Amino acid sequence: MSPEPILRVGTRKGLFNFQRQGRHDWRMQSHAFSGEPVTMLLHDAGRKKTYAGLNLGHFGVKLFAIATDNDGNSTGALEEIACPQFPSGDADDAPSVTQIWELAISSDKSAPTLWAGTIPAALFRSDDGGRNWQWVESLWNQPEREYWGGGGYDQPGIHSISVHPLNANNVLVAISSGGV
């Protein structure tokens, strides 16, 4: 018999994990990041981790990896990992990531890639589970970028990333008020 499913819910008050108990009942199993806004969650069954993006206002954007067992239950091990960021260049002109708005992972089991979409609308990739990030500068340099607008935020953001299940080199992103 397979284990009951886990529902992870990221809110302004933290991360809540619920597990189904019977047919219609869900019970809170655990709570993490008490009182902190969790803006994005992604469970990676292959690496046995759940990634959580947090927007801590004054303290900035943070990214955590939560270790899980084979059934997706948290094992309690929590690790802060590198957060996507722009190259430092000229500090006055360099943008900064204000929110992780989307996370996705390729289905390539031999070399899975973790993707992050941010506000402002930038795409980052990590080939080592989020320890190091590379900025996809070619998307940032699209001439259409000057027409992108924020969809409820002051700046545009990448809110959806879709990695083709059979070709991990084919990645679609959706940008608020900017298209696909």
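A nonpolar core, as I will use the words, is a set of buried Ala, Val, Leu, Ile, Met, Phe, Trp, Tyr and Cys residues that are joined through side-chain atoms within 4.5 Å, where buried means under 20% relative accessible area, exposed over 50%, and partly exposed in between, with a 1.4 Å probe and protein chains only. What we have here is a predicted model, in which local features need pLDDT of at least 70 and side-chain atom pairs count only at pLDDT 80 or more, while totals for chains, interfaces and linings use all residues. Residues are numbered from 1 along each chain as its sequence is written, and side-chain values use heavy atoms, with hydrogens and water left out.

The largest nonpolar core has 18 residues, and among those with the most contacts inside it are Tyr51, Leu63, Phe86 and Ile100. Two or more residues come from each of the strands E4, E6, E8, E9 and E10, strands being DSSP runs of at least two residues, numbered from the N terminus, and E6 gives the most, with three residues. Apart from this core lies another, of 11 residues, including Trp115 and Leu139.

Ile100 touches, among others, Met40, Val61, Leu63 and Pro84, not counting residues up to four places away in sequence; contact here means heavy atoms within 4.5 Å.

Now, is Asp44, in strand E4, buried or exposed? Asp44 is buried, because its relative accessible area is 6%. A polar atom of the Asp44 side chain lies 3.1 Å from the backbone nitrogen of Gly46, and the backbone nitrogen of Arg47 lies 3.3 Å from a polar atom of that side chain. Asp44 also touches Lys49, Tyr51 and Ile105, with residues up to four places away in sequence not counted.

Definitions and conventions: Helices (H or I, at least four residues) and strands (E, at least two) are DSSP runs, numbered from the N terminus. A polar contact is a pair of N or O atoms within 3.5 Å; within protein, one must be able to donate a hydrogen and the other to accept it, and residues adjacent in sequence count only if both atoms are side-chain atoms.
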